[in-house]
There are 2 protein chains.
Amino acid sequence: MTSSPLPSQDRPARRTQAERSAATQARVLEAAAEVLLESGYSGLTTTRVAQRAGVSRGAQLHQYPTKEALVVAAVDHVARCWGEALRVQAGTLPAGDDRLLRVHELLWSALSGPLFLTALELWVAGRTDPVLREAVLPFERSFVRGARSLMFEMYGPELAARPRCREAIDLVMHTMRGGALALVLRPERPALLDLRLLTDLVVRLLEDEQPAAQSA
Amino acid sequence: MTSSPLPSQDRPARRTQAERSAATQARVLEAAAEVLLESGYSGLTTTRVAQRAGVSRGAQLHQYPTKEALVVAAVDHVARCWGEALRVQAGTLPAGDDRLLRVHELLWSALSGPLFLTALELWVAGRTDPVLREAVLPFERSFVRGARSLMFEMYGPELAARPRCREAIDLVMHTMRGGALALVLRPERPALLDLRLLTDLVVRLLEDEQPAAQSA
DNA sequence: ACTTATAAGCAGGCTTGCTTGTTTGTATTA
DNA sequence: TAATACAAACAAGCAAGCCTGCTTATAAGT
């Protein structure tokens, strides 16, 4: 009855070792990100991650021998997801008229979403944990640079050529990070950050020709 | 020689009970803040705090029966220190010409100092810990409002009366928080945030008369 | 092609150390 | 003398990592 020549359905199906490893690694890392989002870094225990992933502690420890290794891998995973999400959304950006506002809305959605919170946990924890810090730093750099170059690109050649474009971009990113931070304790309120105002200021700043101005 | 009729020096000296309690509470809370700054919230254990404070675990547990109580008290302590530091610095602010820049420098020094990092740990931890969140929220509100009213006051009556002053202040605070966040992983680099540029933008924004403007 | 040997992935129990909170006893103040 | 502040030993729980044994896949040998 159940003896078909090819054990295609009722058996767990034959997978190569690499596939098996990749599968459990993916489940573990996804679970780690979920736990991080739900319970924060102080609530991240290897046991909970294994439970959440539906993976035995043995498997967990086989793939990631120490908690440190797991966390480092989680940093990589979260950073990749974040960057990828940003890039995907950037692809769907129409070349409309109010491009700046759209660009800022895009960046804001990336910075105020759950991935920001997950990354924030690792970010803050990396301040005091040297190993974690070393793992987070390169991704932080690459993320900032990637976002910056993406914004340069999306601003378009005219605006990108303005003398203070880079300062404007950094200001926008700082402001958004700060606005996102203000949402950490109150996810319910939708918009403390006025994107129109910010965009307006950027426009004015980019209208300048002289590279520096003294404050009144 | 050492037998004076009043046991003033070689004996621990007579203190009232309230003084004793206050002394150990102060030491414990100060130690908690230090541990928080050094090791983050995930490294905050009652044992370490007691060791750091030079206080027995018995004394610790007498004043703060649970870790929860200790953390809540630490939130209060850190928030008070922060607000007080801000107010003290505000008092020494000269009524010079480039007042805005000075105000922003002041706010920036308060937001980029160690107290910000300590508060950030509690802030981020409060996202996932309900009790901590309830403890942090009121202080967050009062801090934001206090800082805002302080800035209104320090901006002076002319600027404070401008239609978009509140938006400008919120933008400044968001930007500074974001800039401070960028320093978390790299305390070495001094100024990613261009205070002159920010001040310049605020000046322009406050020059507006119409309450709203559409972006180009 | 089939069997067998070796390795890789996996499951779960176990140990050690740490953290928290209780309890019991002592010193200091009222 | 009663209450408050403090000290320290103790117990329960948990987290991290280790270990033994089992299943599945790959390689070698015939």
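In which helix is the place of Arg20(A)? Arg20(A) sits in helix α1 of chain A. The model described here is predicted.

## Arg20(A)

Arg20(A) has 11 other C-beta atoms within 10 Å. A residue counts as exposed at 12 or fewer, so Arg20(A) is exposed. Another residue, Glu34(A), is 14 residues from Arg20(A) in sequence, and their C-alpha atoms are 21 Å apart in space.

## Surface near DNA strand C

There are 24 residues around DNA strand C, and those that come nearest are Ser56(A) and Gly58(A) from chain A with Thr16(B), Thr45(B) and Thr46(B) from chain B. Two or more residues each are given to this surface by α1 (17-39) and α3 (57-63) of chain A, and by α2 (46-53) and α3 (57-63) of chain B.

The element that gives the most to the surface near DNA strand C is α3(A), with six residues. Sorted by class, this surface has 14 polar residues, five charged and five nonpolar.

## Surface near DNA strand D

Around DNA strand D there are 25 residues, of which Thr16(A), Thr45(A), Lys67(A), Ser56(B) and Gly58(B) come nearest. At least two residues of this surface come from each of α2 (46-53) and α3 of chain A, and from each of α1 (17-39) and α3 of chain B.

Here α3(B) gives the most, with six residues. The classes on the surface near DNA strand D are 14 polar, six charged and five nonpolar.

## Contact between the chains

How many residues of chain A are in contact with chain B? The number is 47, and they meet 48 residues of chain B. On the chain A side, the elements that give two or more residues are α1, α5 (99-112), α6 (114-128), α7 (130-155), α9 (165-183) and α10 (195-207). The largest share comes from α9(A), which gives ten residues. By class, the side of chain A that touches chain B holds 23 nonpolar, twelve polar and twelve charged residues.

Chain A superposes on chain B after a rotation of 180 degrees with 0.0 Å of shift along the axis, at an RMSD of 0.1 Å. This is the relation of a two-fold axis. The same surface serves both copies, since 100% of the contact residues of chain A recur in chain B.

## Helix α9 in both chains

α9(A) has 19 residues, which at 1.5 Å a residue should span 27 Å. Its end C-alpha atoms are 27 Å apart, so the expected span and the model agree. Of the 19 residues of α9(A), 15 are buried, and the helix is therefore largely enclosed by the rest of the structure.

For α9(B), the 19 residues should likewise span 27 Å, and the end C-alpha atoms are 27 Å apart, which agrees. In α9(B), 15 of the 19 residues are buried, so this helix too is largely enclosed by the rest of the structure.

Thr175(B) is a residue of helix α9 of chain B. Thr175(B) has 31 C-beta neighbours inside 10 Å; the threshold for a buried residue is 20 or more, so Thr175(B) counts as buried. Apart from neighbours within four places in sequence, Thr175(B) is in contact with Leu171(A), His174(A), Thr175(A) and Gly178(A) of chain A and with Leu198(B) of its own chain. Leu198(B) is 23 residues from Thr175(B) along the chain, with 8.6 Å between the C-alpha atoms.

## Helix α10 of chain A

The 13 residues of α10(A) should span 18 Å at 1.5 Å a residue, and the end C-alpha atoms are 18 Å apart, which agrees. Which residues of α10(A) are buried? They are Leu195(A), Leu198(A), Thr199(A), Asp200(A), Leu201(A), Val202(A), Leu205(A) and Leu206(A). The cover over these buried residues includes α5, α8 (157-160) and α9 of chain A, as well as α9 (165-183) and α10 (195-207) of chain B.

## Nonpolar core and Leu117(A)

The largest nonpolar core has 120 residues, and Ala32(A) and Ala32(B) touch the most other members. Beyond four places in sequence, the contacts of Ala32(A) are Leu44(A), Val49(A), Leu70(A) and Ala74(A). In soluble globular proteins, nonpolar side chains tend to be buried together.

Leu117(A) belongs to helix α6 of chain A. Is Leu117(A) buried or exposed? With 20 other C-beta atoms within 10 Å, Leu117(A) is buried. Not counting residues up to four places away, Leu117(A) touches Leu37(A) and Val184(A). Ala191(A) is 74 residues from Leu117(A) in sequence and 16 Å away in space, C-alpha to C-alpha.

Conventions
Residues numbered from 1 in each chain as written. Chains lettered and ligands numbered in written order. Predicted model: local features only at pLDDT ≥ 70, side-chain atom pairs only at ≥ 80, totals over all residues. Near = placed C-beta within 6 Å. Helix = DSSP H or I, 4+ residues; strand = E, 2+ residues; numbered from the N terminus. Nonpolar A, V, L, I, M, F, W, Y, C, P; charged D, E, K, R; others polar. Contact = placed C-beta atoms within 7 Å. Expected span 1.5 Å × (residues − 1). Least-squares fit on C-alpha atoms with pLDDT ≥ 70 in both. Core = buried A, V, L, I, M, F, W, Y, C linked by C-beta atoms within 7 Å.
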